[in-house]
Amino acid sequence: MTEDKPTIAILMAVYEPRLDWLKEQLISLNAQTYSNLRLYVRDDCSPTIPFETIQTLVEQNITAFPYTIWRNEENLGSNKTFERLTVEAEGDYFAYCDQDDIWLPEKLSVSEAQIGSAGLICGDVIPIDANGRQLAGSITNLRPRIVFKEGAGLGGSLIYRNFVIGCTMLIRSDIAKAAVPFAQSIVHDHYLAWFCAQENEIAVAKQPLLYYRLHEDNQTGVLTNIVTKQDYLHYRLGAFLFRVSELSERSDEKELQLAAAWAQARCDNASKEKHAVRKLWAMRRVDTNTTLFEIVGLRLPEPLFQWAIRLIRSGKL
């Protein structure tokens, strides 16, 4: 172990893992070329996978560096589990880890070498399917709405859309610990990216960092959990209102005031308030695509709305 290198702590939250995928992930961690690592694993009280089975997999496949593994006393969800790991872990940088991807051997070496003075570095991924077959050369080929950005002053744009893929993220540990308690209105990677961007730059790695497994149980994706109009109102409008409210308690960023006004205009449009379309259209610069979709889509008959959602999720619209 090269002690003059900053310590990178890998933080892995596990829940009901598919064991062959978890094994592949652990093998890829063990094969990292970076030399000063430690792994922290926390099982979120998996109901059918014995903790001893997860322990054994970690013991058998992590041999190149130290690890610590715990089990939550009750199911907390991924945000709270990653929050606990953030509090417990020690290191100069934290790398957040899913349970079903495959990291390229140079992932952490590249990230540490390229982070520079930024508070966080993220990067592209190579999507694979459930059987490990490559689907594209970049996640942006499948999800063109992902646009990687770097530099300072990105907090405003991160209110609306996240480009930091959590499993690619390397963040300074002091920033991550200062972000505790995590916001519960957005997933941990989105929140950490927004928090970091308040006062720090974000960097983007110059090459893909891992194989990213796409399957039906992925936590995030395009319009996740949305089928009906009611789903959309709950998971998109309601969730965005909650996000803006929660972030406003943690920052006085001016963009949050605009976001709150846009959120209210969206709700008025959904309720078909008088002049709502005009007011929402006047704020279209916040997010033109979402604004157009809601002005038109929320007035479609339910079957046509559901058809449009299927087209968006498939990438055809």
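Trainee: Quick one to start: is Glu-88 buried, partly exposed or exposed?

Mentor: Glu-88 is partly exposed, with a relative accessible area of 25%. Keep in mind that this is a predicted model.

Trainee: Noted. Which side chain does Glu-88 meet in a salt bridge?

Mentor: That would be Arg-42, with an N to O distance of 2.6 Å. Arg-42 sits in strand 2 and Glu-88 in helix 3, so the pair links distant parts of the chain, 46 residues apart.

Trainee: And Arg-42, buried or exposed?

Mentor: Arg-42 is buried, because its relative accessible area is 2% and the cut-off for buried is under 20%.

Trainee: How many salt bridges turn up in the whole structure?

Mentor: A search of the whole structure gives twelve. One of them joins Glu-24 to Arg-213, where the closest N and O atoms are 2.9 Å apart.

Trainee: Where do Glu-24 and Arg-213 lie?

Mentor: Glu-24 lies in helix 1 and Arg-213 in strand 10, residues 210-213, so this salt bridge ties together parts that are 189 residues apart in sequence. Glu-24 is partly exposed at 34% relative accessibility, while Arg-213 is buried at 1%.

Trainee: What about Arg-133, which residue does it form a salt bridge with?

Mentor: Its partner is Asp-129, and the closest N and O atoms of the two are 3.1 Å apart. Here Arg-133 is exposed, with a relative accessible area of 52%, and Asp-129 is buried at 13%.

Trainee: Let's switch to the sheet. What is the strand order?

Mentor: The order is 3-2-1-4-8-6-9, in an open sheet of seven strands with mixed pairing. Strand 3 (67-71) and strand 9 (202-204) stand at the edges, and each has a single partner strand, so one side of each is left without a neighbour in the sheet. From one strand to the next, the twist averages 20°.

Trainee: Do strands 2 and 3 run parallel or antiparallel, and how many bridges join them?

Mentor: They run parallel, with five bridges between strand 2 (residues 37-43) and strand 3. Within strand 3, Ile-69 is the residue that stands opposite Val-41.

Trainee: Which strands does helix 3 touch?

Mentor: Helix 3, residues 78-88, packs on the sheet and touches strand 1, strand 2, strand 3 and strand 4 (93-97). The direction of helix 3 makes about 150° with that of strand 1.

Trainee: And helix 2, which strands does it lie across?

Mentor: Helix 2 (residues 51-61) lies across strand 1 (8-14), strand 2 and strand 3. Relative to strand 3, helix 2 runs at about 170°.

Trainee: Back to helix 1 for a moment. What is Ser-28 in contact with, leaving aside neighbours within four places in sequence?

Mentor: Ser-28 is in contact with Ile-102 and Trp-103. A polar atom of the Ser-28 side chain lies 3.0 Å from the backbone nitrogen of Trp-103. Ser-28 itself belongs to helix 1, residues 19-30, and is buried, with a relative accessible area of 5%.

Trainee: Last topic, cysteines. How many disulfides are there?

Mentor: The count comes to zero.

Trainee: Why is there no bond between Cys-97 and Cys-167?

Mentor: The closest cysteine sulfur to that of Cys-97 is in Cys-167, and the two are 7.9 Å apart, which is too far for a bond. A disulfide needs the sulfur atoms within 2.5 Å. Cys-97 is buried at 0% relative accessibility, and Cys-267 also counts as buried, at 18%.

Trainee: Great, thanks!

Conventions. Residues numbered from 1 in each chain as written. Predicted model: local features only at pLDDT ≥ 70, side-chain atom pairs only at ≥ 80, totals over all residues. Heavy atoms only, no water. Helix = DSSP H or I, 4+ residues; strand = E, 2+ residues; numbered from the N terminus. Buried < 20%, exposed > 50% of the residue type's maximum accessible area, 1.4 Å probe, protein only. Polar contact = N/O pair within 3.5 Å; in protein donor to acceptor, adjacent residues only side chain to side chain. Contact = heavy atoms within 4.5 Å. Pairing = 2+ DSSP bridges. Axes fitted to C-alpha atoms, helices over the stretch in contact; angles between N-to-C directions. Salt bridge = Lys/Arg side-chain N within 4 Å of Asp/Glu carboxyl O.
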